[in-house]
Amino acid sequence: MKHIFTVSQVNSYIHRIFDSDYALRRICIQGEISNCKYHSSGHLYFSMKDDRSSIRCVMFSGDRRSGLDFRLENGQLVLVTGHVSVFERDGSYQLYAKNISLAGAGLLYQKFELLKNELAEKGYFDHDRKKELPPYPKTIGIVTAATGAAIEDIKSIAARRNPYVQLYLYPARVQGEGAAESVASGIRFFDDFGVDVIIIGRGGGSMEDLWAFNERVLADAIYQARTPVISGTGHEVDMTIADYCADLRAPTPSAACEMAIPDVFALLQQIDRYQDALEGSWAQQMDRINRRIDLYHRLLEANHPGTRLKEQRNKLKTYIQQMDVLIRSHLRTAGMRADHYGEKLTALSPSVRLSGGFVYAHKKDMSPVSSIRQIREGEDFSLIFRDGRADVHTLQISDKEGI
């Protein structure tokens, strides 16, 4: 009958094998950090990987105090010294780290951080010291490799955006020994030459490839330049010391050219729009002025002495016409009233009465005879008829009672 083992027995056996292997008891492994986690207990859990596999790791809080002097982050290339053993509970093996140090690019990253912090403290990255780009540059100095995609992209974009801008190239080393000094010399050359803007840059690459743009000599050249400097180094995700120091950072050399050179054709279109707006505004303004002139002209005409005199003449003519109408009306009314009174007078006239059969009597002294008592018998008097007079001799007088 076969001997049956428990899971714990098997894991314990494997644990003893790992611990008895001299090569695994003290080993140094190089790899890239991933899944890094700082636990509240103080322990540090992470994985190390290369292009084919990975291994789980742990560093206890007690070992961190003496074995780790920087903050561990994902993506760092490190050297980890420790021992490999089995965690019996899970049946998995892992590296128990005793010491962790940066390796390769990790060392460069550490150097990069040290220089960046130093320059930041000295004010190299201060925003208030950065220079504004001229809105319409005429000359651009380019510090990059004489051959390569960067300069060709810049030439193409410059020709497309503004073919009138003059480009000057300072062929510099952008990688390897002496590259930082070469780029710094190009900046100083163009700063003395007197261009409007300086562009430095190169295509993307690893941290080692871009290291020339992380050197102190280049940072000093950018900081001391009087001419605005645009840094277009690497790809969009790459950040170098030169990017921090420059007056403006572009994600790529092509973008740096677009930032430095305004699109002249878009500018011409904008000028056309401004001209249209100006002409429209001018037309509106002239229309308002013409309307105001017309108003003032009418006011001037209204207040001109000749106009006022004409108005007064017209008013006088109107008054004369109105007076004529009133006079005629009054005359007509007076005439009608005179006719009325004439008719009344006519009706009361003695001649009218005489024509109705009445007569008028008067004595020789022309005194009227209105009563029979005014005549004596034998007295002469006259009777006036409508058509003549008759002298009468009184023979006999009779009063009313006798009639």
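**Exercise 1.** Is Arg 291 buried, partly exposed or exposed?

*Solution.* The structure is a predicted model, in which local features need pLDDT of at least 70 and side-chain atom pairs count only at pLDDT 80 or more, while totals for chains, interfaces and linings use all residues. Residues are numbered from 1 along each chain as its sequence is written, and side-chain values use heavy atoms, with hydrogens and water left out. Buried means under 20% relative accessible area, exposed means over 50%, and partly exposed lies in between (1.4 Å probe, protein chains only). Arg 291 has a relative accessibility of 46%, so Arg 291 counts as partly exposed.

**Exercise 2.** Find the salt-bridge partner of Arg 291 and place both residues.

*Solution.* A salt bridge is a side-chain nitrogen of Lys or Arg within 4 Å of a carboxyl oxygen of Asp or Glu. Arg 291 pairs in this way with Asp 287, their closest N and O atoms being 2.0 Å apart. Both belong to helix H10 (residues 264–303), where they stand 4 residues apart, about one turn of the helix; helices are DSSP runs (H or I, at least four residues), numbered from the N terminus. Asp 287 is also partly exposed, at 38% relative accessibility.

**Exercise 3.** Which parts of the chain does the salt bridge between Arg 216 and Glu 118 tie together?

*Solution.* The two side chains meet at 2.9 Å, N to O. Because Arg 216 lies in helix H7 (residues 216–224) and Glu 118 in helix H4 (residues 105–121), the pair ties together parts that are 98 residues apart in sequence. Arg 216 also meets Asp 220 in a salt bridge (3.1 Å, N to O).

Conventions:
Helices (H or I, at least four residues) and strands (E, at least two) are DSSP runs, numbered from the N terminus.
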